[in-house]
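The following note is addressed to a colleague who meets this structure for the first time. Please read the numbered points with the structure open.

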Amino acid sequence: MALLTVENLSVGYQTRKGFLKSVQGVSFALDQGQSLGIVGESGCGKTTVGMALMGLLPDNASVTDGKILFEDQDLLKMSKKEIRQVRWKKIAMIFQAAMNALNPVHRVSEQISEAILAHNPEISEEAAMKQVESLFELVGIPLDRMRDYPHHYSGGMKQRAIIAMALACHPSLIIADEPTTALDVIVQSQILKAIKKFQKEFKISLIFISHDIAVVADVCDNIGIMFAGQLVEYGRIKEVFDAPMHPYTKSLLASYLTLDKKVVQFNSDMGETPDLINPAAGCRFCERCSIAEATCSLRAPEWVDISPTHKALCYQCK
Amino acid sequence: MKDPSKVIIQLEHISKTFRTRASLFKGDPKEVMALKGVSFNIYRGEIFGLVGESGSGKTTTGRIIVKLEDPDHGKLLLDGNDMTKIKGKTLKYFRRKVQMIFQDPYQSLNPYLSIYDIISEPLIIHNIGNTETIKEKVRDMMKSVGLAPPDDFFYRYPHQMSGGQRQRIAIARAMVLKPEFVVADEPTSMLDASIAIHIFNILSDIQKKLNVTFLFITHSLAAARYLCDRIAVIYKGELVEIGPAEDIIQNPSHPYTRALIDAHPRFRY
């Protein structure tokens, strides 16, 4: 039984220019202890998916279709009060900008104990502080820095504090939205190791959102590639990396710089993200696609199963 | 063309210390030594990579080279002439020859200026050409960075542009004076991986077309390898390794360089 099932999720934003269909028909399932990476460029809707799962969409956003089943309950049908019981206690989030996710006028230890107390009112303040201590040990922040303010911390330490906060209520699902984007490579690899460790140790399910395909490969079991609001390829990491099917996945993999091989001048033809207010009827990638045929722009692509666990949204993949 | 016989920028034993001010509650001011006697040469026509982690002093080095910061000790030479203490007219001339592309295109562009004003501003400051030739130069530059057709972008403002487009505007602004030397400080760290490579290609095309010399500052060895002829690795304010890009990646001799290589995400699954 899957812990989380997302079915045909569609989310849009009311903007001055019209209704922007940010996410359209995204479906996936996640078992307890599994990790899923969602990869795509800026504006493809990956953060919107994360925010919808947390019930944290801004006021101008609305879910137009779909279901989010978490432990067999539809999160979208819950009242605000009910969702508050689930959020942070069962589903926690590691935010993108660690720099801005902490409150600058409160001590770090207080902010984390606040999260524990808010969701477990029966715990005493001292007991909560004890828990914070063990969390700090777990994520590797020296205990004598506990009572510091966020601005005393380096970028990597702030991100560790955010991870401690996400782990505070023993959630069964963590959504990590670009947790290492603002960090340099050395700190990034430390944070990724920490996330992997906790995920394995506590059997937490993880949704890892990133534009960096190599980081996702490092952390996740499954990967979903998003383009212009749609999932375009989904499968086990090994399947997708060994045999990428969708042309967008192929271009993402080809444009990634590795240390293993020297890339000779790569000519990417990166267009702008397609118009999502009036999305095209056919395949949304066809303007940038190298193997597109005339019919691609006319009819919407359908999922093609490559293996029981690997599928792509492209006619040319057959 | 690369010409190893011609040194364009020379750093000699550059040191820089930053002092934090004493606060009301926490007593003594602290000193942070950002650079401890850094020396290297950059040759005309090459792309020179400076690689290191946050706080290693790589940005400080870049800011000293473009004279946004003065070193405490040491010398900065351009074409063999000492530039450490210049001011006035010589400094203005120096600024025409040496330009910088900043890290964050969301903060480096003036939100009140149109794209045309942003790119033409350096030409107006340095009093180069009349209205018509300025317009032509701006158009040319915008085409080279892939903002085409240029006239469509003239009267737009930074907030209407994507991150990749903003960084292209920043590149156009830096290049419009046809400088001889440009410092690019992590120009893609705020951008997506797929857009980053596009920006690298623009930089490398411009480098060939205008024959400028680049100092490319980054924390990613992979990016440095893609773009640079030579790489220097900086750690805690000191250079630990310098050499041809391929050599450094294939045979790193310093343990810190090896740590950087190991930390780089790979497709392990």
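In what order do the six strands of the open sheet in chain B lie, and is the pairing parallel, antiparallel or mixed? The points below begin with that matter; the reader should bear in mind that this is a predicted model.

1. The order of the six strands in chain B is β6-β7-β8-β3-β9-β10, and the pairing in this open sheet is mixed. The edges are taken by β6 (98-101) and β10 (238-244) of chain B; each has a single partner strand, so one side of each is left without a neighbour in the sheet. On average, neighbouring strands are turned by 15° against each other, direction ignored.

2. At one of these edges, β6(B) pairs with β7 (residues 181-185) of chain B in the parallel sense, over four bridges. Within this part of the sheet, Met100(B) stands opposite Val183(B) in β7(B).

3. Helices also pack on the sheet. Helix α1 (residues 58-65) of chain B touches β3 (47-51), β7, β8 (213-218) and β9 (230-235) of chain B, and its direction makes about 155° with that of β8(B). Helix α9(B) touches β3, β9 and β10 of chain B, and its direction makes about 100° with that of β9(B).

4. Turning to the interface, 27 residues of chain B are in contact with 29 residues of chain A. On the chain B side, the elements that give two or more residues are α6 (193-210), α7 (221-227) and α9 (255-263) of chain B. That side divides into 15 nonpolar, seven polar and five charged residues. Helix α9(B) thus appears twice in this note, as it packs on the sheet and gives residues to the side that touches chain A.

5. In chain A, helices α6 (residues 155-167) and α7 (residues 185-201) pack with their axes 10 Å apart and at an angle of about 15°. An angle under 35 degrees counts as roughly parallel, and α6(A) and α7(A) are therefore roughly parallel to each other. The crossing of α6(A) past α7(A) is right-handed. Among the residues that make the contact are Ile163(A) and Leu167(A) of α6(A), and Ile191(A) and Phe198(A) of α7(A). By class, this contact has seven nonpolar, four polar and one charged residues.

6. Lastly, Arg107(A) lies in the loop between α3 (98-101) and α4 (108-119) of chain A. Is Arg107(A) buried, exposed or partly exposed? With 15 other C-beta atoms within 10 Å, Arg107(A) is partly exposed. Leaving aside residues up to four places away in sequence, Arg107(A) touches Arg147(A), Asp148(A) and Tyr149(A). The C-alpha atoms of Arg107(A) and His151(A), which are 44 residues apart along the chain, are separated by 9.8 Å.

Technical notes:
Residues numbered from 1 in each chain as written. Chains lettered and ligands numbered in written order. Predicted model: local features only at pLDDT ≥ 70, side-chain atom pairs only at ≥ 80, totals over all residues. Contact = placed C-beta atoms within 7 Å. Nonpolar A, V, L, I, M, F, W, Y, C, P; charged D, E, K, R; others polar. Axes fitted to C-alpha atoms, helices over the stretch in contact; angles between N-to-C directions. Parallel < 35°, antiparallel > 145°, perpendicular 65-115°, else oblique. Left-handed = near helix turned anticlockwise from the far one by under 90°. Buried ≥ 20, exposed ≤ 12 C-beta atoms within 10 Å, placed from the backbone. Pairing = 2+ DSSP bridges.
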